[in-house]
Amino acid sequence: MTANELEKLNDEYGIREQLVFTDGPGGLITAEISNPHGEATIALHGGHILSFRPSGQEPVLWLSRNSHFTPGKAIRGGIPVCWPWFGDHPTDTDKPAHGFVRTAVWSVSESEKLADERTRLKLSIADSDETLKLWPHRFRLELDCTVSDVLTTKLIATNTGSKPFTCGGALHSYFNISAVPNILIKGLEGCAYKDKVDQYRRKVQDGPVSIKRETDRIYLDTEADCIIEDRGMQRKIGISKNGSRTTVVWNPWIDKAQKMADFGDDEYNGMVCVETANADTDVITLAPGGTHILESVIRVEPWAGNV
Ligand code: TA6
């Protein structure tokens with residue numbers, strides 16, 4: 001984007017003392033949001049929330065020090081938008097994992113200074129010749145994000161075509177933690193899940209989730225809120241959701257981390273993914289003109305820990 005285009009973007013959507021568009025990492029255009037309640041950075045590349053920090057708190061989202069910030073490549077960390085499928089394409093593994101919107105450039109469609117100084121930004125993307133080659137459906141996808149001491153993110157999918165389509169998706173959130181031995185993830189007790197590190201065997205979650213090895217679990221038919229209790233940081237991260245029946249918990253552990261160029265060898269210990277999704281048997285079908293909203297609400301809750 002030229003300096004002139006960036007200036008026009010700020011003229012149209014910038015908000016004095018709250019929201020400015022700038023050349024971010026790798027020259028990607030990012031929205032820098034800061035208000036009295038918190039701050040966030042959102043890249044137009046992928047509609048990707050890179051960071052979120054409530055005032056007075058440590059960063060809530062994790063971002064790899066080795067992440068790419070390159071057109072056409074996914075960013076490692078923050079909240080990747082996985083759509084219109086989660087994970088590998090159901091029938092063609094030559095297609096990009098987690099769909100194609102996280103590596104495409106989104107447009108700014110709205111910005112707003114809300115009551116009591118909260119900040120709202122809406123990005124959007126629609127079908128194109130490129131997307132139609134990968135997925136033969138017309139769509140509009142919007143990321144509607146409100147930043148305060150809470151990060152509210154809505155992924156709004158609309159079928160703008162003339163035939164129904166079925167889609168999965170996720171807000172694939174990476175969370176910043178003190179160390180994996182210090183955390184418990186609560187909310188998924190008793191939920192059925194598919195264990196990707198054990199040949200997708202179906203299991204039932206017994207008690208809170210702790211991370212002691214590579215963990216990659218697709219919890220199905222759950223609308224439950226989750227809480228990451230981190231006794232190392234003496235904080236809890238609350239993740240509530242709407243329009244989502246799948247929660248995915250992922251930590252690559254050592255071997256997988258070492259195999260990923262965009263993931264530091266030792267970084268597995270400082271992160272965990274708790275993803276707000278619709279995947280596997282929870283995918284959704286949209287009729288022509290239909291809309292679906294996948295929402296996640298992320299907040300830091302006071303520590304009253306006894307873990
Ligand atoms: O959400 C967990 C997962 O599906 C893992 O299986 C792992 O592949 C992770 O997503 C990251 O995928 P990515 O394509 O971003 O490397």
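A residue is taken to be near a molecule or strand if one of its heavy atoms lies within 4 Å of it. In this predicted model, in which residues are numbered from 1 along each chain as its sequence is written, local features need pLDDT of at least 70, side-chain atom pairs count only at pLDDT 80 or more, and totals for chains, interfaces and linings use all residues. Side-chain values use heavy atoms, with hydrogens and water left out.

By the 4 Å rule, the surroundings of the ligand consist of Arg 76, Phe 86, His 98, Arg 102, His 172, Lys 196, Asp 216, Val 248, Trp 250 and Glu 275. Polar contacts, which are pairs of N or O atoms within 3.5 Å, were examined for the ligand. An N or O atom in the side chain of Asp 216 lies 2.6 Å from an oxygen atom of the ligand, while for the side chain of Glu 275 the corresponding distance to a ligand oxygen is 2.7 Å, and for the side chain of His 98 it is 3.0 Å.

Strands are DSSP runs of class E with at least two residues, numbered from the N terminus, and two strands are said to pair if DSSP finds at least two bridges between them. Eight strands form an open sheet with antiparallel pairing, in the order E6-E7-E8-E9-E22-E18-E17-E13. Strand E6 (107-113) and strand E13 (183-186) stand at the edges and have a single partner strand each, so one side of each is left without a neighbour in the sheet. On average, and with direction ignored, neighbouring strands of this sheet are turned by 15° against each other, where the axes are lines fitted to C-alpha atoms and angles run from 0 to 180 degrees between N-to-C directions. At the E13 edge, four bridges join E13 to the antiparallel strand E17 (residues 226-230), and Ile 183 has Asp 230 in E17 as its bridge partner.

Further antiparallel pairing involves strand E14 (residues 192-195), which is joined to strand E15 (residues 201-204) over four bridges, with Ala 192 bridged to Val 204 in E15. Five residues lie between the strands of this hairpin, in which Gln 199 takes a positive phi near 55°. E14 also pairs in the antiparallel sense with strand E16 (residues 215-219), over three bridges, and here the bridge partner of Lys 194 is Ile 218 in E16.

Rolling a probe the size of a water molecule over the atoms shows where empty space is left. A cavity is a set of points, on a 1 Å grid over the protein atoms alone, where a 1.4 Å probe fits but cannot get out, and its lining residues have an atom within 4 Å of a point. The volume is the space filled by probe spheres set on the points, which are joined across faces, edges and corners. Two cavities of 30 Å³ or more were found.

The largest cavity has a volume of about 80 Å³, and its lining includes Trp 83, Cys 167, Asn 278 and His 292. Strand E9 (150-159) and strand E22 (291-301) each supply at least two residues of this lining, which divides into six nonpolar, four polar and no charged residues. For the second largest cavity, of about 30 Å³, Lys 241 and Glu 275 are among the lining residues. Strand E20 (271-278) and strand E18 (235-242) each supply at least two residues there, and E20 gives the most, with three. This lining has four nonpolar, two polar and two charged residues, where Ala, Val, Leu, Ile, Met, Phe, Trp, Tyr, Cys and Pro count as nonpolar, Asp, Glu, Lys and Arg as charged, and the others, Gly among them, as polar.

Conventions
On a 1 Å grid over the protein atoms alone, a cavity is a set of points where a 1.4 Å probe fits but cannot get out, and a pocket is an open set with protein on both sides within 12 Å along at least five of seven lines; lining residues have an atom within 4 Å of a point. A polar contact is a pair of N or O atoms within 3.5 Å; within protein, one must be able to donate a hydrogen and the other to accept it, and residues adjacent in sequence count only if both atoms are side-chain atoms.
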